[in-house]
Amino acid sequence: MGPQRMDRQIRDLLDYSRVGRKGKALTPFPIKQALDTALHNLSVAIEEQNAKIIMDQDFPMICGDDNELSRLFQNLIGNALKYKAEDREIIIHIHVVQKEEKWLFSIEDNGIGIAEQDQSRIFMLFQRLHSNTHYEGAGIGLAICKKIVERHGGTIWVESDLGQYSRFLFTLPKWDEENPLPIHQ
């Protein structure tokens, strides 16, 4: 392992350990702000790759750490940009719907997809599906996503068809100003 790659793994592992420990208190805010921050941070990559982002117009208020949730969106959208299919333009759909006492978010791309046998392990630390010669990374990004979602009282999973698409789904508790739900920290 090269020194640069080891240095990156150490930095990523420190980032992973900070989720929740160094996070801000969970407070109500419009989650669209976290999404907008993520899209702004990825704007150069989105423009360079001529990616098309299609998203809902209405996003809910949630109770959370806006920095961590921005990182969640940035990791998931960044992966959609990274694991693109070479034979088609990148299209990313971002959708949210209320399901009982939770919000269900989905980020779907038309990229290379994930084989069914690999879907259960991609949220674990250092679980890479591709070599560094094809795609950079340390195998920590989706583990960070899982930790962020769980800190906020939700769950995350993937649905995918190899060579066709990946749809990352996660839930966050519904926040109601008059009847706030317990906040997990």
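Reader: Which residue in β5 is the bridge partner of I94?
Author: I107 is the bridge partner of I94 there. Strands here are DSSP runs of E with at least two residues, helices are runs of H or I with at least four, both numbered from the N terminus, and two strands pair if DSSP finds at least two bridges between them.

Reader: What kind of model is this?
Author: The model is predicted, with local features needing pLDDT of at least 70 and side-chain atom pairs pLDDT 80 or more, while totals for chains, interfaces and linings use all residues. Residues are numbered from 1 along each chain as its sequence is written, and side-chain values use heavy atoms, leaving out hydrogens and water.

Reader: OK, back to I94. What stands opposite it in β2?
Author: M55 stands opposite I94 of β4. Strand β2 covers residues 52-55 and β4 covers residues 91-99; four bridges join them, and they run parallel.

Reader: And β4 with β5, parallel or antiparallel?
Author: Antiparallel, with eight bridges joining β4 to β5, which is residues 102-109. In that pairing Q98 stands opposite W103 of β5.

Reader: What links those two strands?
Author: β4 and β5 form a hairpin with two residues between them. In the turn, E100 has a positive phi of about 55 degrees.

Reader: What is the strand order of the sheet?
Author: The order is β2-β4-β5-β7-β6, an open sheet of five strands with mixed pairing. β2 and β6 (156-161) are at the edges with a single partner strand each, so one side of each has no neighbour in the sheet. From one strand to the next the twist averages 15 degrees.

Reader: What does α2 touch on that sheet?
Author: α2 packs on the sheet and touches β2, β4, β5 and β7 (165-173). Its direction makes about 180 degrees with that of β2. Axes are lines fitted to C-alpha atoms, for helices over the stretch in contact, and angles between N-to-C directions run from 0 to 180 degrees.

Reader: How does α2 cross α4?
Author: Helix α2 is residues 31-41 and α4 is residues 66-82; their axes come within 8 Å and cross at roughly 50 degrees. Contact means heavy atoms within 4.5 Å. On the α2 side the residues are I31, A34, L35, T37, A38, L39 and N41, and these meet D66, L69, S70, F73, Q74 and I77 of α4.

Reader: Different topic. How many aromatic pairs are there?
Author: Four, from a search of the whole structure. One of them is F73 with F170, edge-to-face at 5.8 Å centre to centre and 65 degrees between the planes. F73 is in α4 and F170 in β7, so the pair ties together parts 97 residues apart in sequence. Rings of Phe, Tyr and Trp (its six-membered ring) pair with centres within 6.5 Å; planes under 30 degrees apart are stacked, over 60 edge-to-face and the rest tilted.

Reader: At what angle does α4 pack with α5?
Author: About 145 degrees, with the axes 9 Å apart; α5 is residues 141-151. α4 contributes E68, L69, R71, L72, N75, L76 and N79 to the contact, and α5 contributes G141, L142, I144, C145, I148, V149 and R151.
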